[in-house]
Amino acid sequence: MPASLYNVAFGCADAYGLARFWSEVVGQPLDEEDRPGDPVAVIALPTGLHLYFENIPEPKNGKNRVHVCLRPDGPRDEEVERLRGVGATVVADRREADGTGWVVFADPEGNEFCVLRSAAERDRGEAVTCGGAKSE
């Protein structure tokens, strides 16, 4: 019997603070019981998936082995600017002149994530994901 993906866990120095950042990214609130200083914070997504943040003592060390890829509802380039505005840092801009590509960001604790093209933008051209492999 297969398993279902329940959450994506982030080990971090400030669970509540990082969850607030990701709440802005995904447009969903933190759990109503989460408070500043809590060692754990959770964001429930409408899909049933959860973003789980837990304080850990070790600092982030090196490149992520797993990262989140986001597909915005609107144009990718508008989402890139919105994310810059909420505190994300561009690590690498992989956008191409033909409109393909993605942007690699880091959240406030250095966890990398990518922003792909929207579904509408993808439907107008070749589908490429942040790993470089063709999708759908």
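Helices and strands here are DSSP runs, numbered from the N terminus, and a strand has at least two residues. With that in hand, hello everyone, and let me walk you through this predicted model.

Let's start with a loop. T100 sits between β5, residues 89-93, and β6, residues 103-106. Is T100 buried or exposed? Buried means under 20% relative accessible area. T100 has a relative accessibility of 11%, so it counts as buried. Its side chain also has a partner: a polar contact of 2.6 Å joins T100 to the side chain of D98.

Following the chain onward from β6, we come to β7. These two strands form a hairpin, with five residues between them. In the turn you'll find G110, which has a positive phi of about 90°. β6 and β7 run antiparallel and are joined by four bridges. One pairing to look for is V103 with V115 in β7.

Now, V115 is worth a second look. It is also the bridge partner of L70. That brings in β4, which runs parallel to β7 and is joined to it by three bridges. And what about the faces of β7? Both are covered. On one side E112 and C114 are buried, and on the other F113 and V115 are buried too.

Let's move to another part of the fold. Here three strands make an open sheet, in the order β1-β3-β2, with mixed pairing. β1 and β2 are the edge strands, each pairing on one side only. On average, neighbouring strands in this sheet are turned by 15° against each other, if we ignore direction. β2 and β3 run antiparallel, with five bridges between them. If you'd like a landmark, find A44, which stands opposite H50 in β3.

Last stop: the largest pocket. How much space lies in it? About 830 Å³. Its lining is made up of 38 residues, and W22, V26, L51, V68 and L70 lie nearest the centre. So we meet L70 again, the bridge partner of V115.

Which strand gives the most to this lining? That is β1, with five residues. The elements that each supply at least two residues are β1, α1, β4, α2 and β7. By character, the lining divides into 22 nonpolar residues, seven polar and nine charged.

To leave you with one thread to follow on the screen: start at V103, step across to V115, and from V115 go on to L70, one of the residues nearest the centre of the largest pocket. Thanks for listening!

Definitions and conventions
Residues are numbered from 1 along each chain as its sequence is written. This is a predicted model: local features need pLDDT of at least 70, side-chain atom pairs count only at pLDDT 80 or more; totals for chains, interfaces and linings use all residues. Side-chain values use heavy atoms; hydrogens and water are left out. On a 1 Å grid over the protein atoms alone, a cavity is a set of points where a 1.4 Å probe fits but cannot get out, and a pocket is an open set with protein on both sides within 12 Å along at least five of seven lines; lining residues have an atom within 4 Å of a point. Grid points are joined across faces, edges and corners, and a volume is the space filled by probe spheres set on the points. Ala, Val, Leu, Ile, Met, Phe, Trp, Tyr, Cys and Pro count as nonpolar, Asp, Glu, Lys and Arg as charged, and the others, Gly among them, as polar. Two strands pair if DSSP finds at least two bridges between them. Axes are lines fitted to C-alpha atoms, for helices over the stretch in contact, and angles run from 0 to 180 degrees between N-to-C directions. Buried means under 20% relative accessible area, exposed over 50%, partly exposed in between (1.4 Å probe, protein chains only). A polar contact is a pair of N or O atoms within 3.5 Å; within protein, one must be able to donate a hydrogen and the other to accept it, and residues adjacent in sequence count only if both atoms are side-chain atoms.
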